[in-house]
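Me: I've got a protein on my screen and I'm new to this. Could you walk me through it, one question at a time?

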Amino acid sequence: SPRHTSGSPAWSADVTALATSIREGIVTTLTAAQSRKVHAVAPHVPIPPCLVVLADDPWMTPNRLGNPLRYELRLKVLAVVRDNSVGVTALEEAVEAVLSGLAGNFAIREVTAPQSTDIGAQGTVLVSEVKFSIQVKEA
């Protein structure tokens, strides 16, 4: 069979299908674990409190090309809460829910410091990123 390179459609279709499946599994797990809305893709305007699962940078790092393909998939969850008197506590609770939801299946790389962000009509929110990775092996 022909070898696929990172630019070929067959290679990227297989890899992105696995990445999508993993991301959707994370959404399901986090939704079951707590009461916040969990988005599998970034909404135009996030309505806090919510979690958003996104690709991180670098998104995929190949460890082995060929059959089977192995790579590190890097993702992040944005924890978004209202920036008010209880915002920091709500953000800490959201981050703890994400960490416990991902425990055992993913390597947690870091949690960023809270950032205050203006999202227009929804006002100002606090956002923190939980960055993590998983080793993936193509079947």
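What follows is a chat about this predicted model, one question and one answer at a time.

Me: Let's start with the overall layout. What pattern of helices and strands does the protein follow along the sequence?
Reply: The protein has 2 helices and 6 strands to keep track of. Helix 1 covers residues 9-33, and helix 2 covers 87-102. Reading along the sequence, you get α-β-β-β-α-β-β-β.

Me: How far can I trust it? Which element has the lowest mean pLDDT?
Reply: Remember that this is a predicted model. Overall, the mean pLDDT is 85, and 88% of the residues reach 70 or more. Among the elements, strand 4 (residues 107-111) has the highest mean, 96, while the lowest, 78, belongs to helix 1.

Me: Where does pLDDT stay under 50?
Reply: Where pLDDT is low, the predicted coordinates should not be read in detail. The stretch in question has 6 contacts in the model beyond four places in sequence. So go easy on the details where pLDDT is low. The stretch with pLDDT under 50 is residues 1-12.

Me: What share of the contacts with a separation of 6 or more comes from residues 24 or more positions apart?
Reply: One such link is the salt bridge between Arg109 and Asp56, which sit 53 residues apart. For the protein, residues 24 or more positions apart account for this share of the contacts with a separation of 6 or more: 58%.

Me: Now the inside. Which strand gives the most residues to the largest nonpolar core?
Reply: In soluble globular proteins, nonpolar side chains tend to be buried together. Here the largest nonpolar core has 26 residues, and among those touching the most other members are Ile22, Ile26 and Phe132. Helix 1, strand 2, strand 3, helix 2 and strand 6 each give two or more residues to this core. With 6 residues, the one that gives the most is strand 3.

Me: Which phenylalanines does Ile26 touch, leaving out residues up to four places away in sequence?
Reply: Ile26 is among the core residues that touch the most other members. Its contacts include Val53, Leu75 and Leu102. The phenylalanines it touches are Phe106 and Phe132.

Me: How many residues are in the second, separate core?
Reply: The second core is separate from the largest one, and its members include Cys50, Leu78, Val80 and Val125. Counting its members gives 7 residues.

Me: Is His39 buried or exposed?
Reply: His39 is in strand 1 (residues 37-39). Among the residues it touches are Val27, Cys50 and Leu51. Its relative accessibility is 16%, and the cut-off for buried is under 20%, so His39 counts as buried.

Me: And Asn67, is that one buried or exposed?
Reply: Asn67 is in the loop between strand 2 and strand 3. Asn67 and Glu138 are 71 residues apart in sequence, yet 7.9 Å apart in space, C-alpha to C-alpha. With a relative accessibility of 67%, and a cut-off of over 50%, Asn67 counts as exposed.

Me: On to charges. Which residue in the Arg109 and Asp56 salt bridge is buried?
Reply: Their side chains meet at 2.6 Å, N to O. The pair links strand 4, which holds Arg109, to strand 2 (residues 50-64), which holds Asp56. Arg109 is partly exposed, with a relative accessible area of 29%. At 8%, the buried one is Asp56.

Me: Which residues are linked in a network of salt bridges?
Reply: The structure holds 4 salt bridges. Glu110 and Lys131 meet at 3.5 Å, N to O, and Lys131 also meets Glu129 at 3.6 Å. Both Lys131 and Glu129 are buried, while Glu110 is partly exposed at 39% relative accessibility. The network links Lys76, Glu110, Glu129 and Lys131.

Me: Last one: which residue in the turn between strand 5 and strand 6 has a positive phi?
Reply: Strand 5 (residues 115-118) and strand 6 pair in the antiparallel sense over 4 bridges. For example, Gln115 has Val127 in strand 6 as its bridge partner. The two strands form a hairpin with 5 residues between them, and the turn residue with a positive phi, about 80 degrees, is Gly120.

Notes:
Residues numbered from 1 in each chain as written. Heavy atoms only, no water. pLDDT = per-residue confidence, 0-100. Contact = heavy atoms within 4.5 Å. Buried < 20%, exposed > 50% of the residue type's maximum accessible area, 1.4 Å probe, protein only. Core = buried A, V, L, I, M, F, W, Y, C linked by side-chain atoms within 4.5 Å. Pairing = 2+ DSSP bridges.
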